[in-house]
Amino acid sequence: MADIYIVGLQEMVKLGTKEVVIGKDKQRAKLWETIIQNSLGSEYIPITMKTMVGCFIVMFAKVEHKHKIKNIRKVKVKTGFSGMTGNKGSVALRFNFENTSFAFINNHLESGQNALNERLENVRQIYNETFNDFSVAQT
């Protein structure tokens with residue numbers, strides 16, 4: 001089995017007005033963390049997670065590697081309704097494992113081929129905001 005697992009989920013909550021306005025469902029995120037934890041077993045522990053409405057990313061690592069994970073950064077980018085809501089967008093994690101830097105992004109984009117230009121623009125926005133935030137956080 002791997003030393004580290006990163007799991008990203010989308011649409012993990014029912015998308016209603018309340019969920020979009022509030023922006024996260026901590027209870028549902030905790031449920032998924034528990035489900036993943038039970039699947040991996042006791043040699044793995046949750047390190048960090050980030051949620052935004054129904055978009056979720058979580059990192060688990062073997063207990064023996066916990067001390068090797070440093071400089072954890074988390075960011076969310078909202079692209080829904082012109083960046084005002086988190087029904088679309090991304091959640092991301094960045095960390096160092098020993099001397100290597102890793103970044104993982106879980107995107108939830110507008111659906112359909114008719115939205116191709118919007119999807120591409122959202123990817124650019126997500127990439128720019130995510131890595132700008134990671135750079136700023138490190139200084």
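This is a short tour of a predicted model, stop by stop, with something to select at each one.

**Stop 1: colour by confidence**

Start by colouring the chain by pLDDT. The chain averages 85, and 83% of its residues reach 70 or more. Now select helix H1, residues 17-22: among the elements of the chain, this helix has the lowest mean pLDDT, at 52. At the other end of the scale is S1, whose mean of 97 is the highest. A word of caution for the rest of the tour: where pLDDT is low, the predicted coordinates should not be read in detail.

**Stop 2: the three-stranded sheet**

Next, show S1, S2 and S3 as a cartoon. In what order do the strands of this open sheet run? Reading across, you meet S1, then S3, then S2, with antiparallel pairing. S1 and strand S2 (44-52) are the edge strands, each pairing on one side only. Turn the view to look along the sheet, and you can follow a twist that averages 15° from one strand to the next.

Zoom in on S2 and S3. These two antiparallel strands are joined by 8 bridges. For a landmark along this pairing, select Lys 50, which stands opposite Ile 57 in S3.

**Stop 3: the helix across the sheet**

Keep the sheet on screen and add H2. This helix lies across S1, S2 and S3, and runs at about 35° to S3.

While you are on H2, show the side chains of Lys 30 and Glu 33. They meet in a salt bridge, with N and O 3.0 Å apart. Both residues belong to helix H2 (residues 26-40), where they sit 3 residues apart, about one turn of the helix. Which of the two is buried, Glu 33 or Lys 30? Glu 33 is buried, with a relative accessible area of 11%, whereas Lys 30 is partly exposed at 45%.

**Stop 4: a link from strand S3 to the start of the chain**

The pair on H2 is one of 4 salt bridges in the structure. For another, select Lys 62 and Asp 3, whose side chains meet with N and O 3.8 Å apart. Lys 62 lies in strand S3 (residues 55-62) and Asp 3 in the segment before strand S1 (4-9), so this salt bridge ties together parts that are 59 residues apart in sequence. Lys 62 is buried, at 13% relative accessible area. Asp 3, at 34%, is partly exposed.

Stay with Asp 3 and add His 65. Leaving aside residues up to four places away in sequence, His 65 touches Asp 3 and Phe 97. You will find His 65 in the loop between S3 and strand S4 (69-80). Is this loop residue buried or exposed? His 65 counts as buried, with a relative accessibility of 8%.

**Stop 5: a phenylalanine cluster**

Now switch to the aromatic side chains, which make 5 aromatic pairs in this structure. Begin with Phe 102 and Phe 104. Why does this pair count as stacked? The ring centres are 6.5 Å apart and the planes lie at 10°, so the angle falls in the stacked class, which takes planes under 30 degrees apart. Phe 102 is partly exposed, at 32% relative accessibility, and Phe 104 is partly exposed too, at 30%. Add Phe 95 to the selection, and you have one aromatic cluster of Phe 95, Phe 102 and Phe 104.

**Stop 6: along helix H3**

Finish on H3, where another aromatic pair is waiting. The rings of Tyr 127 and Phe 131 have centres 4.8 Å apart and planes at 50°, so this pair is tilted. Both residues lie in helix H3, 4 residues apart, about one turn of the helix. Phe 131 counts as partly exposed, with 29% relative accessibility.

Then select Glu 121 and Arg 124. They form a salt bridge in which the closest N and O atoms are 3.9 Å apart. Both lie in helix H3 (residues 116-138), 3 residues apart, about one turn of the helix. Glu 121 is partly exposed, at 43% relative accessible area, and Arg 124 is partly exposed as well, at 46%.

Methods. Residues numbered from 1 in each chain as written. Predicted model: local features only at pLDDT ≥ 70, side-chain atom pairs only at ≥ 80, totals over all residues. Heavy atoms only, no water. Buried < 20%, exposed > 50% of the residue type's maximum accessible area, 1.4 Å probe, protein only. pLDDT = per-residue confidence, 0-100. Pairing = 2+ DSSP bridges. Axes fitted to C-alpha atoms, helices over the stretch in contact; angles between N-to-C directions. Contact = heavy atoms within 4.5 Å. Phe/Tyr/Trp six-rings, centres within 6.5 Å; stacked < 30°, edge-to-face > 60°.
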